[in-house]
Amino acid sequence: MSQMIGLLEVLEDFNGRVDAAKVADDLLLELDDLLPAVDAADLLGFLKVDLGDLILTDEGKRFLSRGSSGRKRMLNRILSKTPVFKSVIVFIKHHEDAETTKDDVIDFLRREMPDLEAESTFRWLVEWGRYALLLRYDSNNGKIKVVQPPAATQPPTPQESKLE
């Protein structure tokens, strides 16, 4: 998450468009190290890639213009509508108190989404779900829980509307 936000901030510094290799050079990274952040931002509609250039979208600009809690609310709304999060949230909510174990979620991912690598997908879900206030995970007991989404204080953005 922090790498994606850092990438978006760098793009903003370059007036919203820059060659991906230039960003990697400026950040002293290999281009391959930058790709997960690029893919995440692209998935969320915060940037697009065109002939090697990274382009900050209006959605990405809106995300950057918000403070920490506004970013969390925006991600909460966007992520809760993505197929992976939506499926996992429904799965967890079917358990008592909307809580289950890490092993149950990994088994669910292996069964329902065999194209994904379950362990790494679980780590991604927890990291992003925690940031977006969608999921709570206790690594001490391996329990994962769906939390109530924060109250919406702003209308959905165009990206959020497309996912509905």
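Biologist: Is Arg123 buried or exposed?

Modeller: Arg123 is exposed, because its relative accessible area is 53%. Buried stands for under 20% relative accessible area, exposed for over 50%, and partly exposed for what lies in between (1.4 Å probe, protein chains only). This is a predicted model, in which local features need pLDDT of at least 70 and side-chain atom pairs count only at pLDDT 80 or more, while totals for chains, interfaces and linings use all residues. Residues are numbered from 1 along each chain as its sequence is written, and side-chain values use heavy atoms, with hydrogens and water left out.

Biologist: In which helix is Arg123 found?

Modeller: Arg123 belongs to helix H8, where helices (H or I, at least four residues) and strands (E, at least two) are DSSP runs numbered from the N terminus. Between the C-alpha atoms of Arg123 and Ile106 the distance is 10.0 Å, and the two are 17 residues apart in sequence.

Biologist: Thr121 is found in helix H8 too; is Thr121 buried or exposed?

Modeller: Thr121 counts as buried because its relative accessibility is 10%. Leaving aside residues up to four places away in sequence, Thr121 touches Val84, Leu109 and Leu116, a contact being heavy atoms within 4.5 Å.

Biologist: How should one read the two sides of a helix? Which residues of helix H7 are buried?

Modeller: In general, an α-helix has 3.6 residues a turn, so residues three or four places apart point the same way. In helix H7 (residues 102-112), the buried residues are Val105, Ile106, Phe108 and Leu109. They lie on the same side of H7 because they cover an arc of only 155 degrees around the axis, taken from the directions from the helix axis to the C-beta atoms. Asp103 and Arg111, on the other side of H7, are exposed.

Biologist: What do the buried residues of H7 pack against?

Modeller: They pack against helix H6 (83-93), strand E4 (99-101), H8 and strand E6 (143-146).

Biologist: Which side chains of E6 point to the buried face?

Modeller: Side chains alternate along E6: Ile144 and Val146 point to one face and are buried, whereas Lys143 and Lys145 point to the other and are not.

Biologist: How many bridges join E4 to E6?

Modeller: Two strands pair if DSSP finds at least two bridges between them. E4 and E6 run antiparallel and are joined by three bridges, with Glu99 opposite Lys145. E6 also pairs with strand E5 (residues 135-138), in the antiparallel sense over four bridges, and Asp138 has Lys143 as its bridge partner. The hairpin of E5 and E6 has four residues between the strands, and Gly142 in the turn shows a positive phi of about 70 degrees.

Biologist: Which residue takes a positive phi in the hairpin of E2 and E3?

Modeller: Leu51 does, near 50 degrees, in a hairpin with two residues between the strands. Strands E2 (residues 47-50) and E3 (residues 53-56) run antiparallel, joined by four bridges, and Leu47 is partnered by Leu56.

Biologist: Which helices supply the lining of the largest pocket?

Modeller: On a 1 Å grid over the protein atoms alone, a pocket is an open set of points where a 1.4 Å probe fits, with protein on both sides within 12 Å along at least five of seven lines; lining residues have an atom within 4 Å of a point. Here helix H1 (2-13), helix H3 (31-43) and H8 each supply at least two lining residues, and H3 gives the largest share, four. The lining includes Met1, Pro36, Trp124 and Trp128.
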